[in-house]
Amino acid sequence: QVQLVESGGGLVQPGGSLRLSCSASTSIFSIGAAGWFRQAPGNERKLVAAISSGSSVEYADSVKGRFIISRDNSNNMMYLFMNDLKPEDTAVYYCAADTAPFLNDHPRHWGKGTQVTVSS
């Protein structure tokens with residue numbers, strides 16, 4: 001059973017930065033694709049950033065140029081660097097992973113989420 005645990009969320013002012021981390025209990029990140037989703041109250045969960053097994057990356061249009069996804073396969077870690085945060089980035093952020101080479105909307109493995117709140 002793969003366990004994913006997010007950390008690094010919190011309260012930040014607009015324009016600020018945060019780094020989210022996702023720790024995996026297995027080497028899932030070195031096998032397949034992984035990514036970050038987010039869900040704001042009243043909204044559906046949406047993909048924010050993804051990294052394929054071949055290390056190609058994709059981002060939601062709303063975060064391009066501000067967020068960076070990366071992973072450290074040797075330590076079973078994945079990160080989301082978030083810069084120039086905006087109030088509309090407020091959401092619960094979820095780590096997700098799958099053995100498939102590319103991430104779809106329904107990855108097999110999910111973390112429990114970490115809250116990010118952007119407010120002055």
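Guide: A residue counts as buried when its relative accessible area is under 20%, and that cut-off is applied here to a predicted model.

Visitor: Why is Tyr 79 called buried?

Guide: The relative accessible area of Tyr 79 is 15%, and because buried means under 20%, Tyr 79 is classed as buried.

Visitor: What makes Phe 81 partly exposed?

Guide: Phe 81 has a relative accessible area of 30%, and since partly exposed covers what lies between 20% and 50%, Phe 81 belongs to that class.

Visitor: Why is the pair of Tyr 79 and Phe 81 called tilted?

Guide: The ring centres of Tyr 79 and Phe 81 are 6.1 Å apart, within the 6.5 Å that a pair requires; their planes meet at 40°, which is neither under 30 degrees nor over 60, so the pair is tilted.

Visitor: What makes the pair of Tyr 94 and Trp 110 edge-to-face?

Guide: For Tyr 94 and Trp 110 the angle between the planes is 85°, with 6.4 Å from centre to centre; because planes over 60 degrees apart count as edge-to-face, the pair takes that name.

Visitor: Why is this pair said to tie together parts that are apart in sequence?

Guide: Tyr 94 lies in strand 9 and Trp 110 in strand 10, so the pair joins parts 16 residues apart in sequence.

Visitor: How do you know that Arg 45 lies over the face of Trp 110?

Guide: Arg 45 is placed over that face at 4.0 Å from the ring centre of Trp 110, a distance that satisfies the limit of 6 Å; Arg 45 also lies over the face of Tyr 94, at 4.6 Å from the ring centre.

Key: Residues are numbered from 1 along each chain as its sequence is written. This is a predicted model: local features need pLDDT of at least 70, side-chain atom pairs count only at pLDDT 80 or more; totals for chains, interfaces and linings use all residues. Side-chain values use heavy atoms; hydrogens and water are left out. Rings of Phe, Tyr and Trp (its six-membered ring) pair if their centres lie within 6.5 Å; planes under 30 degrees apart count as stacked, over 60 as edge-to-face and the rest as tilted. Buried means under 20% relative accessible area, exposed over 50%, partly exposed in between (1.4 Å probe, protein chains only). Helices (H or I, at least four residues) and strands (E, at least two) are DSSP runs, numbered from the N terminus. A charge sits over a ring if NZ of Lys or CZ of Arg is within 6 Å of the ring centre and within 35 degrees of the ring normal.
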